[in-house]
Amino acid sequence: MSRENNILVKLNNAGFKQNGKWLVEGVTLAVEKGKIVTLIGPNGSGKSTTAKIALGIYKNIEGSVEKYTNKVGYVPQKISIDWTLPIRVRDFMLLTENIKEEKIDEALSLTGVIHLKNKSLGNLSGGEFQRVLIARAICKKPELLVLDEPVQGVDYTGEIALYELIKKISDSLHCGILLISHDLHTVMTATDHVVCLNGHVCCSGSPMDVARNNEYKTLFGEQASQILSVYEHKHDHVHLDEGEIKKN
Amino acid sequence: MFDDFFIRALVAGLGIALVTGPLGCFVVWRRLSYFGDTLAHSALLGVTMAYTLELNIALSVFIISSLIALILIQLQKKTNLPGDALLGLLAHSSLAVGLVVIGFLTFIRFDIMGLLFGDILAVTTDDLLIIWTGGAVILLVLKLIWKPLFASTVNYELAEAEGLNPDRAKAIFTILMAAVIAISIKMVGLLLITGMLIIPAAMARNISDSPIKMVIYSIIGGLLSVVLGLFSSLEFNTSSGPSIIMASLILFILSLLNIKQSIKLKN
């Protein structure tokens, strides 16, 4: 196991075929400690598949995966809890690892759902459940976090707060994050590296590189130009050392 | 102390209830009740094999049931038939083969009713040993695979992604199912074993809000069913299996009343 360059998981030309159809192919990417890699792309472009390849859920893959950690936290895109299971939020927090009570409380407080701790999982709203999923994934202090559309169904203010939280977690735990989003806009500020998928890697690089890329623009159309307008606004001032602001 | 047939039956039944309680919860959660039926039906074949080859019944049933479970997994991989059709195919054909084989074994006197519905007179001191040591091993193994098994019951991909090896847990659980059927067949009978697994667990589901509570209530329900069932079996001279299952049915109905009351209170 070589950990010289802090790589947690690495995909080499990886792909997955189901019923004779490629879900995704030729993906090469690496998630390093303390870095956030974001996968974007339209529906059916293979984002979740790529995440599942990285996690080792899909076994018969093309190419190869090198995984250098077993401390993994996963927020899947879709999860439905069967009513036959009597399970409360706090039971769910302990699902894959035994965790101290105060750590559970801490994680649930961070995602703003501590009041739901003793509620039955089946009675939560979509957004509440999503917050519980994130709390469960971070509470085991993973080295690698894989978040598949983690804020779906969360209200807009909550969405921004949760992305800020994810950024904070990546800094404080110094863990690597593989984040999936269909919306580059909201994840732009937090991301170190973006991989744009459409059945294959169509482009990758820093958020700005990707947003400027022509293939990205064809995939996302108008939305892409909006991002540029948000991030390429003119700076009419500069920040000086002592908090002073100087007009250009 | 174990000289009395009734004490033996009681000790055997309580041992079985301790094991079927937690296992039954997983049968309910994972929707495996028909799978349990299939294994139980195939047990008849195991019993005939035991008589022909002069093997221990529990051991022979365990071997045949595990074999049927393996065949099922292979058929699932190799055919396009839906799971319930495959289960029905295996359940009824193994039951039929078992009955036909019994027809050929004219030199042995079979108590078919006892096989199907359980017989408290049949429990020997050896059976007690098998039930309690076998039961202890089953519970120990279940405790060891609890985390991956439960996590994959909630969500397979989560369990797999976070490194819990759910496939191995599932395979081990299948073997545990065969084992619990093997140790309880004499007492409960092969037609009613699944009832022993499901009804106390279903009762427990009605009154619990966490997995651990459901397991505990399921065990308590099973123990109560055994005690009530065996006493009434003695009193009314009925088969032990149906008597135990009826007792658990009564507990289940009581648990429904409890729900109604709590709903009324909420309104």
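Two strands count as paired when DSSP finds at least two bridges between them. With that in mind, let us walk through this structure, which is a predicted model.

A good place to start is strand β3 of chain A, and in particular Val37(A). On one side, the bridge partner of Val37(A) in β8(A) is His193(A). That bridge belongs to a parallel pairing of β3(A) with strand β8, residues 193–197 of chain A, which runs over four bridges. Val37(A) has a partner in β7(A) too, namely Leu178(A). Here again the pairing is parallel and counts four bridges, this time between β3(A) and strand β7, residues 176–180 of chain A.

How many of the five residues of β3(A) are buried? Five of the five, so the strand, which spans residues 36–40, is largely enclosed by the rest of the structure. You can check this face by face: Ile36(A), Thr38(A) and Ile40(A) are buried on one side, and Val37(A) and Leu39(A) are buried on the other. For the chain as a whole, 41% of the 248 residues of chain A count as buried.

Now step back to the sheet that holds β3(A). It is an open sheet of six strands in chain A, with the order β5-β6-β7-β3-β8-β9 and mixed pairing. At its edges are β5 (72–75) and β9 (201–205) of chain A, each of which pairs on one side only. Neighbouring strands in this sheet are turned against each other by 10° on average, direction ignored. If you follow the sheet to the edge strand β5(A), you find it paired in the parallel sense with strand β6, residues 144–148 of chain A, over four bridges. Within this pair, Val75(A) stands opposite Leu147(A) of β6(A).

Chain A has another sheet to visit. This open sheet has three strands, ordered β2-β1-β4, and its pairing is antiparallel. The edge positions belong to β2 (21–32) and β4 (62–67) of chain A; each has a single partner strand, so one side of each is left without a neighbour in the sheet. On average, neighbouring strands here are turned by 15° against each other, direction ignored. Strand β1, residues 7–18 of chain A, pairs with β4(A) in the antiparallel sense over five bridges. One place to look is Val9(A), whose bridge partner in β4(A) is Lys67(A). Helix α1, residues 47–55 of chain A, packs on this sheet and touches β1, β2 and β4 of chain A, while its direction makes about 120° with that of β1(A).

These elements are part of a longer list, as chain A contains nine helices and 11 strands. The fold also brings together residues that are well separated in sequence: among contacts in chain A between residues at least 6 apart, 64% join residues at least 24 apart.

Next come the helix pairs. Two packed helices are described by the angle between their axes and the distance between the axes. In chain A, the axes of helix α3 (residues 101–110) and helix α4 (residues 126–139) come within 8 Å and cross at roughly 135°. The helices α3(A) and α4(A) are therefore oblique to each other, and their crossing is right-handed. From α3(A), the contact uses Lys103(A), Ile104(A), Ala107(A), Leu108(A) and Leu110(A), and from α4(A) it uses Ala135(A), Ile138(A) and Cys139(A). By class, these contact residues are seven nonpolar, no polar and one charged.

Chain B offers a helix pair as well. Helix α2 (residues 33–53) and helix α4 (residues 83–104) of chain B have axes that come within 8 Å and cross at roughly 20°. The helices α2(B) and α4(B) are therefore roughly parallel to each other, with a left-handed crossing. Many residues meet here, including Tyr34(B), Phe35(B) and Leu45(B) in α2(B) and Leu87(B), Leu90(B) and Val101(B) in α4(B). The contact residues divide into 12 nonpolar, six polar and two charged.

Finally, look at where the chains meet. There, 19 residues of chain B are in contact with 18 residues of chain A. On the chain B side, the elements giving two or more residues are α1 (5–29), α6 (125–154), α7 (156–161) and α10 (211–236). Which of them gives the most? That is α7(B), with five residues. By class, the side of chain B that touches chain A has 10 nonpolar, four polar and five charged residues.

Definitions and conventions:
Residues are numbered from 1 along each chain as its sequence is written. Chains are lettered from A and ligands numbered from 1 in the order in which they are written. This is a predicted model: local features need pLDDT of at least 70, side-chain atom pairs count only at pLDDT 80 or more; totals for chains, interfaces and linings use all residues. Axes are lines fitted to C-alpha atoms, for helices over the stretch in contact, and angles run from 0 to 180 degrees between N-to-C directions. Angles under 35 degrees count as roughly parallel, over 145 as roughly antiparallel, 65 to 115 as roughly perpendicular and the rest as oblique. A crossing is left-handed if the near helix is turned anticlockwise from the far one by less than a right angle, and right-handed if clockwise. Two residues are in contact if their C-beta atoms, placed from the backbone, lie within 7 Å. Ala, Val, Leu, Ile, Met, Phe, Trp, Tyr, Cys and Pro count as nonpolar, Asp, Glu, Lys and Arg as charged, and the others, Gly among them, as polar. A residue is buried if 20 or more other C-beta atoms lie within 10 Å of its own, exposed if 12 or fewer, and partly exposed in between; C-beta atoms are placed from the backbone.
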